Amino acid sequence: MNAVRRRAAAPAVSAAGGTPAATPSAAARAAPSEADGVVIVPMRRKHLREIRRIDKLVYPRPWSMALYLDELQRSGERVYRVACQTVPNGRGVGVIGYGGFMIVADEGHITSVAVHPECQGRRVGARLMLELHREARRIDGLEALTLEVRASNAAAQRLYRWFGYAPVGSRKNYYRSGGPGGKREDALVMWCHDINGPSHGERLDSIATALGITGGASGTAPGVTGGTSDTAPGGTGGASGTAPGISEAGQAQ
Ligand SMILES: CC(C)(COP(=O)(O)OP(=O)(O)OC[C@H]1O[C@@H](n2cnc3c(N)ncnc32)[C@H](O)[C@@H]1OP(=O)(O)O)[C@@H](O)C(=O)NCCC(=O)NCCS
């Protein structure tokens, strides 16, 4: 197991206030398209305050600002994207979700995918995952993506299955808190192999179609280049890519 910290989402309950996540209306569940004004852009320092606000709503143990700053400095070993809701003139009005992965040799380890509770169920998570997968395919030598997810987090698991992840095992008592009854909770380990193969490409194309996204940039904001400045094609992260002071994967949660 790779010594990174990864996210352990509180299942459907806000860690901050214990308030149940908003239940989206039928209208809100429609897939966002470019017309909805949701754009995916590289994560920057300016996004962090809003990202941390989302974290506090969905994770029992949100990351600190210092951790995020450290992650952003590791530009050759990390890929992070944020989903922004924009107004018609294209100006950003707010971060509604984010996600990212760390590069470990030929694998990408997804560290977090989170969407503001009021925006969940509108395919924002799928938009982010699509962008992460497309970005992963642009990185030389990256062959697979993997993640851990709470055993009880059925919605996230459905999302990941849609992208081709399959469970390969579990980690007992992986998550410290946020499980049913406040107990430790097992993690399901999921892998998506052969991300550069034609069948994965076809899967991403069909997901993009389902999301109403045309072209390869999946709604990337005009003037933003898919974020190559944040990513280092061929970056090697490796085990040494672990941020100092970060505890074992989801254990931090
Ligand atoms: C998990 C999370 C990121 C998902 O984001 P989201 O924007 O709500 O998800 P989406 O609207 O993109 O929905 C994903 C959907 O893909 C759906 N999907 C799966 N296969 C599909 C298909 N073939 N066609 C269409 N949709 C499909 C899933 O069913 C899921 O929708 P459902 O819950 O209605 O079943 C979000 O709920 C969240 O932030 N949760 C709290 C933090 C968290 O748990 N993060 C994950 C840590 S591992």
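**Entry 1. A bridge in strand β7.** I began with Gly-169 and looked up its bridge partner, which is Val-189 in β7. I note here that the model is predicted. I then turned to the strands themselves: β6, residues 166-175, is joined to β7 by six bridges, and the two run antiparallel.

**Entry 2. A further partner of β7.** Which strand pairs with β7 (residues 185-192) over six bridges in the antiparallel sense, besides the one above? I found that β5, residues 144-150, does so. Within β7, Leu-188 stands opposite Val-149.

**Entry 3. The chain as a whole.** I listed the elements of the protein chain and obtained five helices and seven strands. Read from the N terminus, their order is β-α-α-β-β-β-α-β-α-β-β-α. The chain has 253 residues, and 45% of them count as buried. I also looked up the contacts with a separation of 6 or more: 75% of these are between residues 24 or more positions apart.

**Entry 4. Strands β1 and β2.** Is strand β2, residues 78-86, mostly covered or mostly open? It is mostly covered, as seven of its nine residues are buried. I found that β2 pairs with β1 (residues 38-42) in the antiparallel sense, over five bridges. One residue pair I noted is Pro-42 with its bridge partner Arg-81 in β2.

**Entry 5. The nonpolar core.** I next examined the largest nonpolar core, which has 55 residues. Val-82, Ala-83, Tyr-98 and Leu-128 have the most contacts inside this core. I chose Ala-83 and set aside its neighbours within four places in sequence. The residues in contact with Ala-83 are then Val-38, Ile-40, Ile-96, Gly-97, Tyr-98, Val-124, Arg-127 and Leu-128.

**Entry 6. The length of helix α5.** What span should the 13 residues of helix α5 (residues 198-210) have at 1.5 Å a residue? The expected span is 18 Å, and the end C-alpha atoms are 18 Å apart, so the two values agree.

**Entry 7. After helix α5.** I followed the chain into the segment after α5, where Leu-211 lies. Leu-211 has 19 other C-beta atoms within 10 Å of its own, and a residue needs 20 or more to be buried, so Leu-211 is partly exposed. I also compared Leu-211 with Val-124: they are 87 residues apart in sequence, and their C-alpha atoms are 9.3 Å apart in space. Val-124 is also among the contacts of Ala-83. Lastly, I recorded that Gly-212, just after α5, takes a positive phi of about 75°.

Definitions and conventions
Residues numbered from 1 in each chain as written. Predicted model: local features only at pLDDT ≥ 70, side-chain atom pairs only at ≥ 80, totals over all residues. Helix = DSSP H or I, 4+ residues; strand = E, 2+ residues; numbered from the N terminus. Buried ≥ 20, exposed ≤ 12 C-beta atoms within 10 Å, placed from the backbone. Contact = placed C-beta atoms within 7 Å. Core = buried A, V, L, I, M, F, W, Y, C linked by C-beta atoms within 7 Å. Expected span 1.5 Å × (residues − 1). Pairing = 2+ DSSP bridges.
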